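Please examine the protein below together with its sequence. A short set of questions and replies accompanies it.

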Amino acid sequence: FYQSLMNEGAQGAWLTSNPYTSEFHPPTVIFAYFVWLGKLSSLLHLSFAVTYQVLRILLSIIFLPLIFYFLYFIKAPYPKLTYFFFLFAAPLMHKIPDGAKFITTPYMYWWTAVDPIRRAAYLPHHMLAGILLIMIILLLLNFIKNQKPYLVFLAMLLSIPLTLVHPPSMLILLITLPASGIVFFLQNYKKIKGDFFKNNYQMFLYLMLFWVINIILVYVIASQGNSSVIWSKPFNWEKGQQFPLIQELPFAFGMLLPLALLGIVKLLRNNKFRDTFLVSWFIFPLLLIPFARQMGISNVRLIQGIPYLTLAILGSYGIIFLENLISSSKIIPTIIKSAGSKKINFNFPIVRICVCVIFIIFTYPTLAWSIKSQIQEYWPIFGNVYLDNRLNNVFDFINNNFPSKTITLSTFYTGNYLPAFTHTTSFIGHDGYTYNMEDK
């Protein structure tokens, strides 16, 4: 699908047309960035597949160090350990029926973003969205600290490509900002004096401006689904994609979740906006999962705000919670007491060591399964990896003999490939984008 949009860009388009349905429809800005990427691919004389994969790798190279910087910026505890958790956090394994036998798979194995190996070089627009989301949050947290308005305006500028590329990421930020503000106010309402709002009204005004402008941007992108009945198809298909998150997501977060819950308790005690924001970033999108259908989105969109980052941060705070609990406990082995000392001043690396050992024990099976699974995926000569030369010959014949935008009837399989390798439009070829597919 993405390569078919790149093909449109290489042929001169600037907006997206749906190449998988025969009905007339107006172009849209949805996925237009893949159309523009096709122009770049054509300019560099690279195949669409190579351009797509190179972009995945380049964006990952930017995204992963940016996360490391973010951890130091927010002064996350044990930043290197937190980064380790972020990189390798993985679902727990369980058995599921497979015909007459049971097989062992990770929870939520059907969603790529929970796999630590696959998500390291995820879909390029998801990787770009992660980069933009982190940069916007860095700017907003810096603004709240220093109250320099230009930081908000920079965040607004970055919000435009973020909303265009991946509206769910912006939606999660729009959920988090007011939620964290309300929780922070409830935490501190007894301490807030009459001049608090007077002294901070500009800060609230700029944040409100940021929120309102981006609500409008998200609405504009979402309204593209009402531009024609053709574009309503993918939006309706999206709404129907409701997965068993409530049943599986707690186990997909793996062994870090109990630590994260302790971390939430610790952070909420701090009464600092940064800490409240981190907690809200993790919790409030999850609380809206049961209402995703009413919101008109797939429920997995509510876990696309880099949840394993907040999970790792909260998990590290959970370790501090345990260390503080142990250090304040009266039940401490005498072997770690300082001889003759009335006050114990003892660092507890043993807690971190134990957590790391448990983390590796529970994570390694999932990592091994992922590598094995990916090898098995590409071991057979699948048609979607190794195209038959006869099919390539057909593509060449079509490009040389058929006019542009010729509506072409083929099998569903071939119809999926035609727009990516030819200048034709498929009568049928994609579950989510072929209008009236059942009747066709």
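The following exchange goes from the whole chain to single residues.

This is a predicted model, in which local features need pLDDT of at least 70 and side-chain atom pairs count only at pLDDT 80 or more, while totals for chains, interfaces and linings use all residues. Residues are numbered from 1 along each chain as its sequence is written, and side-chain values use heavy atoms, with hydrogens and water left out.

Me: How many helices and strands does the protein chain have?
Reply: Helices (H or I, at least four residues) and strands (E, at least two) are DSSP runs, numbered from the N terminus. On that basis the secondary structure comes to 17 helices and four strands.

Me: What percentage of the residues in the protein chain is buried?
Reply: Buried means under 20% relative accessible area, exposed over 50%, and partly exposed in between (1.4 Å probe, protein chains only). For the 440 residues of the protein chain, the buried share is 46%.

Me: Which helix gives the most to the largest nonpolar core?
Reply: A nonpolar core is a set of buried Ala, Val, Leu, Ile, Met, Phe, Trp, Tyr and Cys residues joined through side-chain atoms within 4.5 Å. The largest has 87 residues, of which Leu 173, Trp 281 and Leu 309 touch the most other members. With 14 residues, the helix that gives the most to this core is H5 (residues 124-146).

Me: Which helix gives the most to the nonpolar patch on the surface?
Reply: Such a patch is made of residues with over 30% relative accessible area and no salt bridge (a side-chain nitrogen of Lys or Arg within 4 Å of a carboxyl oxygen of Asp or Glu); nonpolar side chains (Val, Leu, Ile, Met, Phe, Trp, Tyr) are joined within 5 Å. Its members, including Leu 40, Val 50 and Ile 57, have about 810 Å² of accessible area together, by the Shrake-Rupley method with a 1.4 Å probe. Helices H2 (32-44) and H3 (48-73) each supply at least two residues. The most, five residues, comes from H3.

Me: Is His 25 buried or exposed?
Reply: His 25 is placed in the loop between helix H1 (2-10) and H2. Leaving aside neighbours within four places in sequence, its contacts (heavy atoms within 4.5 Å) include Ser 228, Ile 230 and Trp 231. Because its relative accessibility is 10%, His 25 counts as buried.

Me: Which residue has its backbone oxygen reached by the side chain of His 25?
Reply: A polar contact is a pair of N or O atoms within 3.5 Å; within protein, one must be able to donate a hydrogen and the other to accept it, and residues adjacent in sequence count only if both atoms are side-chain atoms. A polar atom of the His 25 side chain lies 2.8 Å from the backbone nitrogen of Asn 18. The backbone oxygen, reached at 2.9 Å, belongs to Glu 23.

How values were computed. Patch = residues over 30% accessible without salt bridge, like charges linked within 9 Å, V, L, I, M, F, W, Y side chains within 5 Å.
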